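Hi,

Here is the structure I promised to send over. Have a look at it first, and my notes follow below.

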Amino acid sequence: MSSLLFVQILNGLQLGVLLFLIAAGLTLVFGVMDLINLAHGVQYMLGAYLAVTFYGLTGSFLAALVLALAATLAFALALELLVFRQLYARDHLDHVMATFGVILFVDQGVKLVWGAAPLSLPVPELLSGSVTLMGGLLYPVWRLVIIGSGLAVAVGLYVLVGHTRVGMLVRAGATNAPLVSALGVNINRLFMLVFGFGAMLAGFAGVMIAPILSVEPGMGDAILILAFVVIVIGGIGSIRGAFVAALMIGLVDTLGRSFAVDVLRLFMGPSPARTVGPALASMLIYVLMAIVLTLRPAGLFPAAGR
Amino acid sequence: MSAAAPLETRAAPIAARAGIAVPGLIFGILAALPAGALLAPENYLLALGTRIMTFAIAAVALDLIVGYGALVSFGHAAFIGLGAYAVGILAAHGIGELLVALPTALAASVLFALATGAVSLRTRGVYFIMITLAFGQMIFFTASSLAPYGGDDGLTIASRNTLFGLPIFKDPRALYYIVLAALAGTFFLCRAVVGSRFGRVLRGAKENATRMATLGFQVYRFQLVAYALSGALCGLAGFLLANANDFVSPAYMSWQRSGELIIMVLLGGIGTLYGAIIGAAVYLLIAEFLSQWTEYWQVIFGPFLVLVVLFGRGGLVGLFSHHG
């Protein structure tokens, strides 16, 4: 039982860092540009699809990773130039409608280009083994790589946002974008940078998860909702909040799904527990969100000035 | 309310003309549609019209709180689902009486709206959008795991609701006119609400909630009642949808459905009520015709939505009215 718990905690952390990679970009775009980007999930999906294609062309995971990141960045910048730039000054309803349109376009476009059938990407050979955990349980190395790379990105973002000049501008932009612009900073370039960087992080998440999940159209939509829950719990615009909330959601969701039925059996018969358990488990994070927002309507770490 | 009078009279001529002519035209077309059966197979036309009007009811209900209360709910499909599941679950237990199913559908929607609204309305702006989305997802996952009622696969309804044993929904033409009557009822009810003192408080809170609170209004209560009314009307739409489709499934309340409802409201023109009907019709008609033409219709539809946002401010209604 205890080693099973340990494995599920690792799985929860893995989902958590994945959510962080997606939520970091989302919360930056939200915080700095005040833009609701429902289409952030398509960058994640594109990252995975492009990695599959580039792996097919080059046969090297590393090359596929680099090329996929470059391609997601290019796609994001093009999208920013064509659509999103026009949206910053609009209200949230316009954001919802336009980015919903982008989702429809990209989801179907992916079907058109790659087909509707799920694709898969092999785990890089060097990292395809398993390690033995306590209690003799095997755990795939690749999942540990995901956790490690996610934590590395978190540290990198902490340094970048907290201790560099660009990071200072981003933080200032999240607090008061018009003022930053008035001080002579090219705000359009800053917005483009933040948008592209955020999209690339989501693309990175897509590449890293592709060897574990099946790569299919619409894969970004489900994870996007979770990422929204993360940034709302964490406080919109706060990277630190996104990190804490992402790990929290990852752990609560994974542990809830694994142990809800067992826990409920302490209170009720096995048959009702099997019915109620899965429903309760999938509701858990939304209940958590409702509780957090009831107690702290602006999330756990509200960004200053909002 | 004398202070508001000059503003009201200035806006009155345009609003009054559009406020009578456009809805009159819309309901005239809808009432005459079955006669157009010569142009298309009748049952197809009736089914499409019924579907459009059902979603129009939900869109009008959403416009009531989005357009007049600035409460952007991203979870309104949940209420449609609740209304539909009320019909489905009762039917699974052999209860097909309309006088049981309809009140159940409405009560479920109102209770859910009061419970979630009480929490959601403490938040503002983006947080409100996201928390309503979260509550919508909760209901979605609950329905997905209702194993006794079909779970993910949904639930087929063996027979439509009857009124005192009378199969009033059986004939497609009768169903069409019942849904039309429900849409008209919804529209005029919402319009009366918007025009009432209650509606003015709601609109006042949309402009400036602090000012309304200072004037002594308990804004929160007004918003909660509006939210519950909107939820109940979506429950009505769900009730009708279940009867028209003979089927309910969790897909009725996916977040994409909630997004579609918002788009219907925006597409037609927010804050007009009749714009929501136009929006629902245009959205579903374009989707219908494009999907007959190509499997990949969303590749065209997506950019269309983006273009409407970028160039058609104020929705389709905005294109035809003159704001100077």
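**What I found**

Let's start with Gly24(B), which sits in helix 1 of chain B, the helix that covers residues 5-32. One thing to keep in mind as you read: this is a predicted model. Gly24(B) counts as exposed because just 11 other C-beta atoms lie within 10 Å, and the cut-off for exposed is 12 or fewer. Ala232(B) is 208 residues away from Gly24(B) along the chain, and the C-alpha atoms of the two are 25 Å apart.

Over in chain A, I looked at how helix 1 (residues 2-33) packs with helix 7 (residues 187-209): the angle is about 165° and the axes are 8 Å apart. Angles over 145 degrees count as roughly antiparallel, so that is how helix 1 and helix 7 of chain A run relative to each other. Their crossing is left-handed. On the helix 1 side of chain A, the residues that meet helix 7 include Leu18(A), Ile22(A), Val29(A) and Met33(A). Helix 7 of chain A brings, among others, Phe191(A), Phe195(A), Ala202(A) and Ile209(A). By class, this contact has 19 nonpolar residues, two polar ones and no charged ones.

Then there is the interface between the chains. Here 33 residues of chain B are in contact with 36 residues of chain A. On the chain B side, helix 5 (125-144), helix 10 (255-268) and helix 12 (298-311) are the elements that give two or more residues. Helix 5 of chain B supplies the largest share, 12 residues. Sorted by class, the side of chain B that touches chain A has 25 nonpolar, seven polar and one charged residues.

Cheers

Notes: Residues numbered from 1 in each chain as written. Chains lettered and ligands numbered in written order. Predicted model: local features only at pLDDT ≥ 70, side-chain atom pairs only at ≥ 80, totals over all residues. Helix = DSSP H or I, 4+ residues; strand = E, 2+ residues; numbered from the N terminus. Buried ≥ 20, exposed ≤ 12 C-beta atoms within 10 Å, placed from the backbone. Axes fitted to C-alpha atoms, helices over the stretch in contact; angles between N-to-C directions. Parallel < 35°, antiparallel > 145°, perpendicular 65-115°, else oblique. Left-handed = near helix turned anticlockwise from the far one by under 90°. Contact = placed C-beta atoms within 7 Å. Nonpolar A, V, L, I, M, F, W, Y, C, P; charged D, E, K, R; others polar.
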